[in-house]
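Here are my notes on this one, written as numbered points so you can follow along with the structure open. Take them in order and find each piece on screen as you go.

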Amino acid sequence: MSTTNSNNGTNNHASDRDLGLWFLEQSRLRSARGRTDMDEDDDAPTELNTINSSGGFLVVSPDKLSAKYTSVNLHGHDVGVVQANKPAPVKRLVYYFEIYVKDAGTKGQIAIGFTSESFKMRRQPGWEANSCGYHGDDGLLYRGHGRGEAFGPTYTSGDIVGGGINYDSQEFFFTKNGAVVGTLPKDMKDMKGPLFPTIAVHSQNEEVHVNFGQQPFAFDLKEFEAQERMKQQMSIEKFSLPTNVSHGIVRSYLLHYGYEDTLNSFDMASKSTVPPVHIAQENGFDEQDIVFALNERKTLRQLIRNGEIDSALGKLREWYPQIVQDDKSATCFLLHCQKFIELVRVGALEEAVKYGRMELAKFFGLPMFEDLVQHCVSLLAYERPRESSVGYLLEESQREVVADTVNAMILSTNPNLKDSSHSCLHSYLERLLRQLTACCLERRLLSGDQGEVFHLQRVLKQL
């Protein structure tokens, strides 16, 4: 069955080309993600900074993970202070480190906390601006001035004390022997910029060992993070959607991508619920655009997902010749690349070379295609291409990119299409997820660009 719309073919040519180029860019972005780490975490501290410390009053061990006060405390500014070699990383939910008090010395004037890069390295953390600290001799919390406030118990030889930053709640917190002692707001005056984990010793023979994560913590950090994420989830679940709205969102997604069989099963399940779910038009779902050519889109998606590219091209030429009439379009390029990839996948390398010379050669020298052509051809250079830097091309998700391209191009041929760019590219569900991503980025920006970086794909994998 042909649904060719010859009257609109010329008028829609520019928008069709834009659609194809959009999916071409998605394939290019996948290649970039394949070469980078999705977590994007900044470097975390690994040792004490022996350069930026009050070296005259303490000795740092050769492994830079222990500090001992070797002088006699004569003045308030005779403090042995040392920062970590790097600031606390900010692209995570929580940062945390610990100290083990090997010897509390003569007075037990040990402190743990956070200080800025400009902190005076002759004073206890918390005694000066740009710092906060939990002190062992009195259990007081100091935050930017010399007056302490009631906070927690004292600590001495044999105790393990930790300091952390909860970027979600924007709080500092401290622990003793695996239990949280207390928290304080992070939005203290002058506590701006990178913050360095800091320890201090202030009386003879005081000695502490620092654990930046090279050893298991006494505090259960993973459980703490799980509880913080549970709080986030509970706050989200306070807001609920009416059942017919959530069903409408899911149904529109299945329609948009041509998952006809799943859609039929979903509709049957919706009718069998008690009470049945009815999706009203006033909920904002207009299915006219995405019901178009549902059976044809389903068939083509299945062919592409099965790697049957020749069959898919045959169906396109029969049903939608206008989509493939330009053999140098982005859509044709992605289909020919996928055919080449499928040949490499099954080990038909000689046939792949012949196909590349016949179909991919025409794209050489065209700037918009050059990098992806090179990636495809590079598959031939590896004995185990799946493990190579271009192995992403052999993943199932690459087939989905091609299937999505064809799906969008078919939707764009609908003569009654109201909004070609949005209706063809994204389902209602995806538009909501894009808005979610934007909101998470904005929320992080309001927190000084601190906290866990939101990655939708990572969240979906955890479900």
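**Notes on the sheet and its surroundings**

1. Let's start in the middle of a sheet. Strand β3, residues 66-69, pairs with β14 in the antiparallel sense, over three bridges. To find the spot, look for Ala-67, which stands opposite Val-208 in β14. Before going on, keep in mind that this is a predicted model.

2. Now look for β5, which also pairs with β14. Strand β14 covers residues 207-211, and five bridges join β5 to β14, the two running antiparallel. Two pairs are handy markers here: Tyr-100 stands opposite His-209, and Val-101 stands opposite Val-208. So which residue of β14 is opposite Ala-67? That is Val-208 again, and Val-101 of the other pair faces Val-208 too.

3. How covered are these two strands? Four of the five residues of β14 are buried, so "mostly covered" is fair, given that buried means under 20% relative accessible area. Strand β5, residues 94-103, is mostly covered as well, with seven of its 10 residues buried.

4. Keep going past β5 and you meet β10, residues 160-166. Seven bridges join β5 to β10, and the two run antiparallel. A good pair to click on is Tyr-96 with its bridge partner in β10, Gly-164. Then comes β11, residues 171-176, joined to β10 by six bridges, antiparallel once more. There, Gly-163 has Phe-174 of β11 as its bridge partner.

5. Time to put the strands together. What is the order of the strands in this open sheet? There are seven, arranged β2-β3-β14-β5-β10-β11-β12, with antiparallel pairing. The edges are β2 (58-60) and β12, each of which pairs on one side only. Neighbouring strands are turned against each other by 20 degrees on average, direction ignored. If you wonder what holds such strands side by side, strands of a sheet pair through backbone hydrogen bonds, either parallel or antiparallel.

6. There is a helix to add to this picture. Helix α3, residues 221-237, lies across β5, β10, β11 and β12. Its direction is about 150 degrees from that of β5.

7. Back to the edge strand β12 for a moment. Ala-179 sits in this strand, which spans residues 179-185. Is Ala-179 buried or partly exposed? Its relative accessibility is 41%, so Ala-179 counts as partly exposed. Ala-179 and Phe-219 are 40 residues apart in sequence, yet their C-alpha atoms are 6.5 Å apart in space.

8. Another residue to check is Pro-45, in the loop between α2 (13-34) and β1 (48-53). Don't let "loop" make you guess its exposure: Pro-45 has a relative accessible area of 3%, so it is buried. What is around it? Leaving aside neighbours within four places in sequence, Pro-45 is in contact with several residues, including Ala-84, Pro-87, Tyr-95, Pro-197 and Phe-212. Pro-87 is 42 residues from Pro-45 along the chain, and their C-alpha atoms are separated by 6.5 Å.

9. Helix α7, residues 294-305, makes a nice little sanity check. At 1.5 Å a residue, its 12 residues should span 16 Å, and the end C-alpha atoms are 16 Å apart, so the two agree. Several α7 residues are buried, among them Leu-294, Leu-300, Leu-303 and Ile-304, but also charged-looking names such as Glu-296 and Arg-297. After the helix comes Gly-307, whose phi is positive, near 80 degrees.

10. One more helix residue: His-375 is in α12, residues 367-378. With a relative accessibility of 17%, His-375 counts as buried, because the cut-off is under 20%. Its side chain joins that of Tyr-392 through a polar contact of 2.9 Å.

11. Finally, step back to the whole chain. The protein chain has 16 helices and 14 strands. Of its 463 residues, 46% count as buried. Among contacts between residues at least 6 apart in sequence, 68% join residues at least 24 apart. The accessible surface comes to about 23,200 Å², and 52% of that belongs to carbon and sulfur atoms.

Conventions
Residues numbered from 1 in each chain as written. Predicted model: local features only at pLDDT ≥ 70, side-chain atom pairs only at ≥ 80, totals over all residues. Heavy atoms only, no water. Buried < 20%, exposed > 50% of the residue type's maximum accessible area, 1.4 Å probe, protein only. Pairing = 2+ DSSP bridges. Polar contact = N/O pair within 3.5 Å; in protein donor to acceptor, adjacent residues only side chain to side chain. Contact = heavy atoms within 4.5 Å. Areas by Shrake-Rupley, 256 points an atom, 1.4 Å probe, with all protein chains shown as cover. Expected span 1.5 Å × (residues − 1). Axes fitted to C-alpha atoms, helices over the stretch in contact; angles between N-to-C directions.
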